[in-house]
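This briefing concerns the arrangement of strands and helices in one protein chain. Please have the sequence and the structure at hand while reading.

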Amino acid sequence: MSDAALSAIRRDNTLAVIGALDAVGELSRAQLCAATALSRTTTHRILGELMSAGVVIERSDSPSGPGRPGGLLSLNPQARAVLGIELGRAQAAIVLLNWAGEITWSQEVKFDAAQEWGQGLQALLRLLDDGLAEDDLHMLRYAVVGLHGLMPSSRDHMGDEEQDRRVGNLRQSLEAKLQVPVAVEGNIRLAGLAEYRTRGLSHEDLVYCHLSRGVGAAILLDGKLRAGATNSAGELGHTRVLDNGLPCHCGSHGCLETVIGVDRVLARARTLRPDLRDFAHLCRVANYDPSLRALAKDTAHTLGRALGNLCNIINPEHIVLGGELAKLTDDWFSLVADGIDDTALLQVRKGLRLSPSLNSCVAAAHGAGLLALDHILGRVTILEGEQVS
C-alpha cells in the first residue's frame with residue numbers, strides 16, 4: 001500500500017475517533033472502539049496522538065489503570081480546530097472554533113465606509129496578525145472565508161474573470177499565512193448557516209436576509225444551502241423594485257439595494273434631518289420624528305413586499321432578518337410583516353415565521369467555522385450536496 005493511501009486511512013481513522021466523541025460527548029476506550037469499529041491498538045494509538053496534541057482530554061475523576069475501567073474521554077473544549085473568517089462590506093471578522101463547534105475566541109473590525117477590495121483584504125490580514133497567536137496557528141486544521149458580493153461562477157474559483165482571479169489570490173495568501181487549506185463561500189450564506197444551526201433545524205426551509213450596505217439572502221431548503229447554477233442564488237438586493245430608480249453597482253438600476261441599503265436610507269434621512277451623525281443616530285430618533293418614521297415605514301414595506309414575492313416562490317417556514325437595518329425602529333418586524341402581507345399569498349403567510357437574527361455580528365464568520373468543521377469531520381456538507389471549494 002502506498003504512503004498516500006496509508007496517510008488517508010490514518011486521517012479517516014482519526015476523524016472517526018473525533019467524530020464519535022463529538023457525537024456522544026464522553027466515551028470510554030472500549031466504547032470508542034465499538035463506536036468506530038477500530039481495533040484497540042489503533043484506537044489507543046490515535047488517542048495517544050490526540051491527547052498529546054491537546055485535542056482529547058480524560059476526566060481526572062475517572063482514572064484508568066490495571067484492573068480499572070478506562071477513564072472517560074472527550075474533546076478538549078479549548079482545542080481550536082478551525083478558523084472562520086468574514087470579509088464583508090461593513091466589517092472583517094474572525095472566529096476560532098473548537099472540535100465541538102463552539103466559539104473559543106472572536107474579533108472583528110468595523111468599516112466606517114465601504115472598502116475597496118484591496119483595502120478590505122489588508123484590514124483582514126492586519127486583524128489576523130493582531131489576533132492569532134502561534135499556538136492558534138499550530139492547532140488549526142482548516143479555514144473557510146466568507147466574502148461579500150457575487151461569488152465566482154466556477155466552484156473551484158479559478159477562471160479568467162477578475163473576481164475569479166482575486167478570490168484565487170486571496171486563498172493563496174491566506175493558505176500561505178495560516179498553513180492550512182482555505183475554502184471560500186458567500187458571507188450571507190454562511191450567516192444563514194449559523195442561523196439554521198443556532199435554531200437546531202434539520203429539514204426546514206429558511207431564508208436569511210442580511211440588511212446592511214448590501215442586501216443579500218441565504219436560501220436553505222430541506223437543510224441545504226442553495227448556490228444556484230452559477231453560484232449566484234440569494235441576490236435579493238438586485239431584484240428590481242423601481243423602473244426609474246438609482247443606478248446600482250451591479251450595472252442595473254432600481255435594485256432593492258439602492259432603496260433599502262443602509263447608506264441609501266441614511267442619505268434619504270439626511271434630506272429630512274441634516275443633523276444625523278450616522279446610521280446608529282438615525283435608529284435612535286426614527287421612532288419619534290414623524291418624517292423619519294414615514295421613511296422607516298416605507299423602507300420596511302419595500303423590503304416586506306420583496307420578501308413576500310420570494311415567499312410565494314419558495315414557501316419557507318422561516319424568514320430571518322439580520323444586519324443594521326433591522327434595528328431602524330422598535331416595531332421594524334411588524335412593519336416588514338405588513339409589507340409581506342401585501343404580496344404573499346394567505347396560504348404562504350400561514351406557515352411563515354418572521355424573526356430577528358439570533359447571532360451576533362460575527363454570524364458569517366461563525367458559519368464559516370461551522371462549514372470548515374463539517375469538512376474536516378467528514379460530515380456531508382449542507383451546500384447542495386457538494387464539498388466547499
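The points below treat the sheet, the helices that pack on it, and two helix pairs.

The model is a predicted one. Its open sheet consists of five strands with mixed pairing. Helices α4 and α14 both pack on this sheet. Helix α14 also meets α7, while helices α9 and α11 form another crossing pair.

**The sheet**

- The strands follow the order β5-β4-β3-β6-β7, and their pairing is mixed.
- The edge positions are held by β5 (103-110) and β7 (182-186); each has a single partner strand, so one side of each lacks a neighbour in the sheet.
- On average, neighbouring strands of the sheet are turned by 15 degrees against each other, with direction ignored.
- Five bridges join β6 (residues 142-147) to β7, and these two strands run in the parallel sense.
- Within this pairing, Gly 186 of β7 is the bridge partner of Leu 147.

**Helices packed on the sheet**

- Helix α4, which spans residues 117-131, touches β3 (80-87), β4 (91-98), β5 and β6. The direction of α4 makes about 150 degrees with that of β3.
- Helix α14, which spans residues 363-376, likewise touches β3, β4, β5 and β6. Its direction makes about 140 degrees with that of β3.

**Helices α7 and α14**

- The axis of α7 (residues 187-198) comes within 7 Å of the axis of α14, and the two cross at roughly 80 degrees. Helix α7 is therefore roughly perpendicular to α14.
- On the α7 side, the contact involves Asn 187, Leu 190, Ala 191, Leu 193, Ala 194 and Arg 197.
- On the α14 side, the contact involves Ala 363, Ala 364, His 366, Gly 367, Ala 368, Leu 370, Leu 371 and Asp 374.
- By class, the residues of this contact between α7 and α14 comprise nine nonpolar, three polar and two charged.

**Helices α9 and α11**

- The axes of α9 (residues 262-272) and α11 (residues 290-314) come within 10 Å and cross at roughly 155 degrees. Helix α9 is therefore roughly antiparallel to α11.
- The crossing of α9 and α11 is right-handed.
- Helix α9 contributes Val 265, Arg 268, Ala 269 and Leu 272 to the contact, and α11 contributes Ser 291, Leu 292, Leu 295, Asp 298 and Thr 299.
- The contact of α9 with α11 contains five nonpolar, two polar and two charged residues.

Conventions
Residues are numbered from 1 along each chain as its sequence is written. This is a predicted model: local features need pLDDT of at least 70, side-chain atom pairs count only at pLDDT 80 or more; totals for chains, interfaces and linings use all residues. Side-chain values use heavy atoms; hydrogens and water are left out. Two strands pair if DSSP finds at least two bridges between them. Helices (H or I, at least four residues) and strands (E, at least two) are DSSP runs, numbered from the N terminus. Axes are lines fitted to C-alpha atoms, for helices over the stretch in contact, and angles run from 0 to 180 degrees between N-to-C directions. Contact means heavy atoms within 4.5 Å. Angles under 35 degrees count as roughly parallel, over 145 as roughly antiparallel, 65 to 115 as roughly perpendicular and the rest as oblique. A crossing is left-handed if the near helix is turned anticlockwise from the far one by less than a right angle, and right-handed if clockwise. Ala, Val, Leu, Ile, Met, Phe, Trp, Tyr, Cys and Pro count as nonpolar, Asp, Glu, Lys and Arg as charged, and the others, Gly among them, as polar.
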